[in-house]
Amino acid sequence: MKERAKCILHSTRQAVVVSVVLMLVCGLLFPALLTGLSSLFFPHQAGGSLITVNGEAVAAKNVGQEFLQEYYMWSRPSAYHYNVYKENEDGSQTYNDGTEFPGIGSGSNNFAPSNPDLIARVEEDIAHFLEKNPDVKREDIPTDLLTASGSGLDPHISPAAAEIQIPRIVKASGLSEDAVREIVASHTSGKLFGIFGEETVNVVQVNIAIGQAMGIIPKDDAA
């Protein structure tokens, strides 16, 4: 009986020691090492790839924002409205469309193609897009302007989705078509290593540049 008790105690001690060691190595030392190395070799990315204007952070390169003005380029739909919300006088928080802001989140509604809620939402988005872009035909609207990304926070759209918005942006912003096209081209990224993925346009960076060209957003002092 005593031998069995010793065996159980020994096994328990081993299990506890191994668990503690693995917790320290995998849960503390390894993450701390990776954090330190990333901060040393990739400080900008480790800091969130923040975009600054005159030393003030205004956005993150890899996190989208909700843009509603006609002179800005529009992002993909987001179930979380890119977590852009406003504080009301009564202390409540709501999205720009007036619906309740439930807190910071990401993801999508995961509706099936046959779901009537998805169909209604897409039809509403199509109607709104056609209203603000009267020269565009329904069948010419790029798919990514009507579908959400998996995270709901993707800042990128396809070159086709950017191209189709240029006439509206030119008219609403007062900028020349050449100026807008140059801004879009300067914030378009090609395929990774020329092979993987697709060309993408960063909506956040495009809109910061548009705002600066319009004088809405101040330019960097060094610019």
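Here's a quick briefing on a hairpin, a nonpolar core and one buried glutamine. The model is predicted. Its largest nonpolar core counts 32 residues, and Met 73 and Ile 157 have the most contacts inside it. Gln 165 is in contact with both Met 73 and Ile 157, so it gets its own section below, being buried at a relative accessible area of 0%.

**The hairpin**
- Strand 1 covers residues 50–53 and strand 2 covers residues 56–60; they pair antiparallel over four bridges.
- Leu 50 has Ala 60 of strand 2 as its bridge partner.
- Two residues sit between the strands of this hairpin, and Asn 54 takes a positive phi near 55°.

**The core**
- Strand 1 supplies at least two residues of the core, and so does each of helix 3 (116–132), helix 4 (159–163), helix 5 (166–173), helix 6 (177–186) and helix 7 (203–214).
- Helix 7 chips in the most, with six residues.
- Setting aside neighbours within four places in sequence, Met 73 touches a long list of residues, including Phe 67, Ile 157, Ala 162, Ile 169, Val 184 and Val 206.
- Polar residues turn up among the Met 73 contacts too, namely Gln 165, Arg 168 and Asn 207.

**Gln 165**
- You'll find Gln 165 in the loop between helix 4 and helix 5.
- Its side chain reaches the backbone nitrogen of Trp 74 at 2.7 Å.
- A polar atom of the Gln 165 side chain also lies 3.1 Å from the backbone oxygen of Ala 161.
- Beyond four places in sequence, Gln 165 is in contact with Tyr 72, Met 73, Trp 74, Phe 129, Asn 133, Leu 145 and Ile 157.

Key: Residues numbered from 1 in each chain as written. Predicted model: local features only at pLDDT ≥ 70, side-chain atom pairs only at ≥ 80, totals over all residues. Heavy atoms only, no water. Pairing = 2+ DSSP bridges. Core = buried A, V, L, I, M, F, W, Y, C linked by side-chain atoms within 4.5 Å. Buried < 20%, exposed > 50% of the residue type's maximum accessible area, 1.4 Å probe, protein only. Contact = heavy atoms within 4.5 Å. Polar contact = N/O pair within 3.5 Å; in protein donor to acceptor, adjacent residues only side chain to side chain.
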